[in-house]
Amino acid sequence: MDLSIPSPLSKATPFSTFLFKSQSPSIRCSNFKSRNYSYLKKQLISRQNFPIRAQVSDQTVDDGFVLDDVPHLTNFLPDLPSYPNPLQNSQAYAIVKQTFVRPEDVVARKIIVQKDSSRGVHFRRAGPREKVYFKSEEVRACIVTCGGLCPGINTVIREIVCGLNYMYGVNDILGIQGGYRGFYSKNTLTLTPKVVNDIHKRGGTFLLTSRGGHDTQKIVDNIHDRGINQVYIIGGDGTQRGAAQIYEEVEKRGLQVAVAGIPKTIDNDIAVIDKSFGFDTAVEEAQRAINAAHVEVESVENGIGIVKLMGRYSGFIAMFATLASRDVDCCLIPESPFYLEGKGGLFEFIEERLKENGHIVMVVAEGAGQEYVAQSMHGIDEKDASGNRLLLDVGLWLTQNIKDHFTKERKMAVNMKYIDPTYMIRAIPSNASDNIYCTLLAQSAVHGAMAGYTGFTVGPVNSRHAYIPISQVTETQNKVKLTDRMWARLLASTNQPSFLNCDESVGGKVCKDTIDLINNMKITSI
């Protein structure tokens, strides 16, 4: 199975291609580990889980191409046999012009480049392969969901089951109940297309969930004892870190077990991928809360509406819901510092809007202003079972502070309306857009596992689904960049202050280093 990567077009080598070979001087491997890769002397795909930097053999100039590849079962089981993909006999795929993804197909992580830019980092394109490394009748797959709820979980479960059964003829599929600890402390469900037929119409997770409970040794012992050879893990960055540990232990034991991750977070804070499933549904459902707040404050004198939305560390839901609504006057997110008192502060802005319009609607992400809330409420730094810091209620804190300021200091009557729809949003089923997205994620994971890939997660990169090393989505979090044009669009839409010119003498202090950093940066992205 070869990986041919097209070289840059040039007069010397028009449309030329070259092959990855283990000993070829035309590629440079960084961090090449000393494990036994002798089998790569054949013309195989670069399956090791580290970047491969490639250049054309008849050129001395490095074009900067890097393949950030995912592991393959043959990395540690070199004699593993392959079989023809059952999809070649599928009636559904009979009309497809190109049934299987070509070995040389990759997805660029960065698509906005300049004339002289290097080709940059690429990921392996997701989709069905010509060869698979499991016989359908020998597959015993399991699915587990971990962490908080999110619209679309049941759709992913359903489509993994239906994808395995309808496309590959797999009949032995288990549902692990109650998160990671369900591997060793809960019963399992037998999953069939009939069992999961209509679960996508419900919110929550059909398999139950929990936080924490990850014990790698116990989990892999259970996987081995039950004869499971495909594991599909649905969860956020903490869950995906657990999936990476499971893969490492499976590899250490030399088990033929494919571990596939499907990233889940309603906050859209998973790095690398375009967006996480459930995000579109959350933004759409948030409109109902914002519309309700707008109706409430329009109906009273000096109405102040505050809507608290999800966003522990990233304010994407609040930002996109604000842009979609057009009724929001101010949006507060964790990435953007703000302050209450003084010139350019929140109190001043609220008073101006009340004088202009007679009302104001504010959207605040749950993680915004936590440092201020902790100072005034003397919060304790506690964490949940997943290791996430427990947040104080910024919505209630902000509501009380605004009320106290205007009624006690400004002697001005205001009508406060506070709406917290977070659990209502988390619990609904996914909308049409997310249902389609969940289907693509699930089928990509199934194709990857059947093709022998392991220790990977799936997701769209620049609108093309790819197999991504788990480390890429767990090392950092995706956050709103205050120097991006999307945040500038929001500021232009709401006309709210940027809160970057505060005096350190006022109550809410903003780190001067942060202000200087932001002021010195230019808006660069679309």
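## Strand β20, helix α7 and the nonpolar cores

In this predicted model, V458 stands opposite Y467, a residue of strand β20. The strand that pairs with β20 over six bridges in the antiparallel sense is β19, residues 456-461, and the hairpin formed by β19 and β20 has two residues between the strands, with N462 taking a positive phi near 55 degrees. Strand β8 also runs antiparallel to β20, to which two bridges join it, and here R124 is the residue that stands opposite Y467. Strand β20 itself, residues 464-469, is mostly covered, five of its six residues being buried.

The pairing of β20 can be set out as follows.

| Partner of β20 | Residues | Bridges | Sense |
|---|---|---|---|
| β8 | 120-125 | two | antiparallel |
| β19 | 456-461 | six | antiparallel |

Helix α7 covers residues 346-357, and its 12 residues reach 16 Å from the first C-alpha to the last, close to the 16 Å expected at 1.5 Å a residue. Its buried residues are L346, F347, F349, I350, E351, R353 and L354, and these pack against strands β15, β16 and β17 as well as helices α9 and α13. Just after α7, G358 takes a positive phi of about 85 degrees.

The largest nonpolar core holds 111 residues, of which I143, I160, Y232, I262 and F277 touch the most other members. Helix α1, residues 153-168, supplies the largest share of this core, namely nine residues. Another core, of 27 residues, lies apart from it and includes I306, L354, V394 and M412; L354 is also listed among the buried residues of α7.

Methods: Residues are numbered from 1 along each chain as its sequence is written. This is a predicted model: local features need pLDDT of at least 70, side-chain atom pairs count only at pLDDT 80 or more; totals for chains, interfaces and linings use all residues. Side-chain values use heavy atoms; hydrogens and water are left out. Buried means under 20% relative accessible area, exposed over 50%, partly exposed in between (1.4 Å probe, protein chains only). Helices (H or I, at least four residues) and strands (E, at least two) are DSSP runs, numbered from the N terminus. Two strands pair if DSSP finds at least two bridges between them. A nonpolar core is a set of buried Ala, Val, Leu, Ile, Met, Phe, Trp, Tyr and Cys residues joined through side-chain atoms within 4.5 Å. The expected span of a helix is 1.5 Å times one less than its number of residues. Contact means heavy atoms within 4.5 Å.
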